[in-house]
Amino acid sequence: MTDTQAQNLHIEEDARSTGTCDCCGHETVSLSGFVSDGAAPLAAYFVAYTSGQPDHGAEFTFITGDWANEATAKDRYVIVLLHFPGRGFMIDSDVATKKANMRELASNFLDRDDIVGSDFADKLFGMVDAVYTRDSRLDELRNWKPDA
Ligand SMILES: [Zn+2]
């Protein structure tokens, strides 16, 4: 994906909710939104992280595929990426929990082997980049520093 293509993606911010991290009691933040190319929706996305705990990492979930009204969960795919400061994004292959949580939205799950080297990889990382750099609610993540 060229820079121009990435810039043509639109981010629409949706819900934000908070909770409490089981392990440390810090606030957890869950965000959702949509990526589109200006005409058609490309993906719904969800970001989850624990405030003040960069070492927990952040989880970015994308649901891509067909979002037309007549489309069903069978027409959509889930990709989960883990983000740690200084280490970029890694595709999470351990999506067992997500499968249970997201069955109503999408019934297909892609892991690293499905994505790396495919045409879809460029498209996916264009969307990841657009969300990471442009969702106005991710200032904390953008300011996370890698461990010295
Ligand atoms: Zn914690």
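Here is a short briefing on the confidence, nonpolar core, helix α4 and first strands of this structure. The model is predicted, and the mean pLDDT of its chain is 88. A good place to start is the largest nonpolar core, which has 26 residues. Strand β3 gives seven of them, the largest share, and M127 of helix α4 is among the residues with the most contacts inside this core.

**Confidence**
- Across the chain, 91% of residues reach a pLDDT of 70 or more.
- Helix α1, at residues 3–7, is where confidence is lowest, with a mean of 60.
- Strand β1 sits at the other end of the scale, with the highest confidence at 97.

**The nonpolar core**
- The residues with the most contacts inside the largest core are V35, Y45, V47, F60, I79 and M127.
- At least two core residues come from each of β2 (27–36), β3 (41–50), β4 (58–65), β5 (76–83) and α4 (119–134).
- Among these contributors, β3 supplies the largest share, namely seven residues.

**Helix α4**
- With 16 residues, α4 spans 23 Å from its first C-alpha to its last, close to the 22 Å expected at 1.5 Å a residue.
- Buried residues in α4 are L124, G126, M127, V128, A130 and V131.
- An α-helix has 3.6 residues a turn, so residues three or four places apart point the same way.
- That spacing can be kept in mind when looking at L124, M127 and V131, which are among the buried residues of α4.
- Leaving aside residues up to four places away in sequence, M127 touches L9, V35, L42, A43 and F62.

**Strands β1 and β2**
- β1 covers residues 10–20 and pairs with β2 in the antiparallel sense, over nine bridges.
- Two positions help you trace this pairing: E13 stands opposite G33 of β2, and T20 stands opposite E27 of β2.
- The hairpin of β1 and β2 has six residues between the strands, and G25 in this hairpin takes a positive phi near 80 degrees.
- How many of the 11 residues of β1 are buried? The count is zero, and the strand is hardly covered.

**Strands β2 and β3**
- β2 and β3 also run antiparallel to each other, paired over nine bridges.
- S36 has P41 of β3 as its bridge partner.
- Four residues lie between the two strands of this hairpin, and G38 in the turn has a positive phi of about 100 degrees.
- Both strands feed the core as well, each with at least two residues.

Definitions and conventions:
Residues numbered from 1 in each chain as written. Predicted model: local features only at pLDDT ≥ 70, side-chain atom pairs only at ≥ 80, totals over all residues. Core = buried A, V, L, I, M, F, W, Y, C linked by C-beta atoms within 7 Å. Buried ≥ 20, exposed ≤ 12 C-beta atoms within 10 Å, placed from the backbone. Contact = placed C-beta atoms within 7 Å. Expected span 1.5 Å × (residues − 1). Pairing = 2+ DSSP bridges. pLDDT = per-residue confidence, 0-100.
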